[in-house]
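User: Please take a close look at one part of this model for me, and set it against the rest of the chain in one connected account. I would like the reasoning spelled out wherever a residue is called buried or exposed.

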Amino acid sequence: MPALPQVPTHRAPRRLRTRVAAGIAVAFTVSSAATPAGAQGLIRDAETEALLRTYAKPIFDAAGLGSQGIRIHIVNNRMFNAFVVDGRNMFFHAGTLMNSRTPNQVIGVVAHESGHIAGGHLARLRTQVSRAKSAALMLQILGLAAAVGGALSGSPYAGQAGMGVAYGGQDAALRTILAYQQTEESSADQAAVSFLNATKQSGRGMLETFEFMASKLKGMQGVDPYLQSHPLPQARITTLKSLVTSSPYYENADPPELQARHDLVKAKLYGFLDAPATVFNRYPKSDPSLAAAYARAIATYRQSGVQVAMPQLDALIAAQPNWPYFHELKGQFLFESGKSAQAIEPLREAVRLNPNESLIRIMLGQALVGTDNPKLVDEAITNLRTAMASGETSSMGYRQLAAAYARKAETAQGSGAKRNFMAQAALASAEAYFYEGQLKLAKQQAKRAKEGFLDGTPNWIKADDILAFEVPRAR
């Protein structure tokens, strides 16, 4: 396979005092067992999010959305689906990546959804959703989750409870919310093709995806949610085909390096979301590809533990020593196995290779705190604060920051220093609860934090913002 490229240096969009899905500090927020078909939640994974940002950036720029700070969220669902709810948030089911053969197929979906954002569709939700300060609260407003917990909380034990929250009877509400008018669909199609042309990419993948989905309408059984929210009459397919095939870029193919990254992310998703036996059948030992080795290493860890999986992880690193996500995965598995001290070096290397990836810094911070070594607390705080300053809003990151500041308070010399560290710990706890959607607890901690800060200082204002926040209500 081709050598993997240097990790893109563009950062995730900074928040506008908004909160995206609370993320576990370890790399991949997912159940350690096969996920039930009805389970819902948001997956946080640095590698997968980076790939989607790579797909989206040229499209967003072409659509005039590059400065809009659009966040891409990954829904833990195996069905093909993608949707936008406002001008700043785009949601992809994991199944969109898992069921796509090429990057171009996913890029086509990004382009189509960007057409909805650029066209101002779903304006009736924009006010309510844009006022929500977290993905947890956003999901509450939209009725996409029955409760905020599990994967949304960022708990390292969330997967043991089933990874995420159940959709239950919310499907009908979601389809109603996402119901697009036929004219909006056609407009989004045309906009998508223009964005693809502007970036000299083919629309073949978008056409292939939509033709495949349209074919499911024939039987009407097992129709994907995407079909129900994005109607696909044959006339629309015909028009789209004419637009796509007439493009001068129709024959353009994805770069081999991008295809390699796509294959790795697919393998990772299958490795975590499928039962290990299923993974081994999908990626047998006879498959020598790096993606197959990736999937097998993950499945081996889930089935047999870190010691059995370690030779496979080391082989991945030897094959691509500059790919940060292999080092990250090794650190994750060591940390999850109670080996915090051993997890630090691979995580430091992952941060060195990709210093802009906040989720990796959060995991490193968690491992440093987990050693109970007071000499490592300052390094933990530095990494955690750097991650949060970059726009990341992981509740686990804030929880680890709270723990680190509490450790500093224990050893602080003087009442003033101790009070400051305790206030910092309370503010970090308030942020963690806030981004989980637990506003009552967030406000309790924010009140405690305010008492430890001088009036009008930045930290005092942050605490006051949490105290003043009220959940917007959809109308």
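Analyst: A residue is called buried when its relative accessible area is under 20%, exposed when it is over 50%, and partly exposed in between. By that scale A389, at 47% relative accessibility, counts as partly exposed, because its value falls between the two cut-offs. A389 belongs to helix 18, which covers residues 377-389, and its C-alpha atom is separated by 9.1 Å from that of S358, although their positions lie 31 residues apart in the count along the chain.

All of this refers to a predicted model. The chain has 475 residues, of which 57% are buried, and its secondary structure consists of 22 helices and 6 strands. If one takes the contacts between residues at least 6 apart in sequence, 69% of them join residues at least 24 apart. The chain exposes about 19,000 Å² in total, and carbon and sulfur atoms supply 52% of that area.

The part I would examine closely is helix 11, which runs over residues 256-273 and holds H262. H262 has a relative accessible area of 1%, so it is buried, the cut-off being 20%. Once its neighbours within four places in sequence are set aside, the residues in contact with H262 are L51, Y55, L97, S100, R101, T102, P103 and V106.

Helix 11 also packs against another helix. Two packed helices are described by the angle between their axes and by the distance between those axes. For helix 11 and helix 13, the latter spanning residues 290-304, the angle is about 20 degrees and the axes are 8 Å apart. Helix 11 is therefore roughly parallel to helix 13, since angles under 35 degrees are given that description. The crossing of helix 11 with helix 13 is right-handed. On the side of helix 11, the contact is made by D263, L264, A267, K268, G271, F272 and L273, which meet L290, A291, Y294, A295, I298, A299 and R302 of helix 13. Sorted by type, the residues of this contact comprise 10 nonpolar, 1 polar and 3 charged.

Strand 3, residues 71-75, offers another buried position, for V75 lies in it. With a relative accessible area of 7%, V75 falls under the 20% cut-off and is therefore buried. V75 and H93 are 18 residues apart in sequence, while their C-alpha atoms are 4.5 Å apart in space.

Two loop residues deserve a look for their backbone angles. Most residues other than glycine have a negative phi. K200, which is not a glycine, nevertheless has a positive phi near 60 degrees, and its place is the loop that joins helix 7 (182-198) and helix 8 (204-215). K200 has a relative accessible area of 54% and is exposed, because that value is over 50%. D372 likewise has a positive phi, of about 60 degrees, without being a glycine. D372 sits in the loop between helix 17 (358-370) and helix 18, and at 56% relative accessibility it counts as exposed, again because the value is over 50%.

Conventions. Residues are numbered from 1 along each chain as its sequence is written. This is a predicted model: local features need pLDDT of at least 70, side-chain atom pairs count only at pLDDT 80 or more; totals for chains, interfaces and linings use all residues. Side-chain values use heavy atoms; hydrogens and water are left out. Helices (H or I, at least four residues) and strands (E, at least two) are DSSP runs, numbered from the N terminus. Buried means under 20% relative accessible area, exposed over 50%, partly exposed in between (1.4 Å probe, protein chains only). Contact means heavy atoms within 4.5 Å. Accessible areas come from the Shrake-Rupley method with a 1.4 Å probe; for residues, only the protein chains shown count as cover. Axes are lines fitted to C-alpha atoms, for helices over the stretch in contact, and angles run from 0 to 180 degrees between N-to-C directions. Angles under 35 degrees count as roughly parallel, over 145 as roughly antiparallel, 65 to 115 as roughly perpendicular and the rest as oblique. A crossing is left-handed if the near helix is turned anticlockwise from the far one by less than a right angle, and right-handed if clockwise. Ala, Val, Leu, Ile, Met, Phe, Trp, Tyr, Cys and Pro count as nonpolar, Asp, Glu, Lys and Arg as charged, and the others, Gly among them, as polar.
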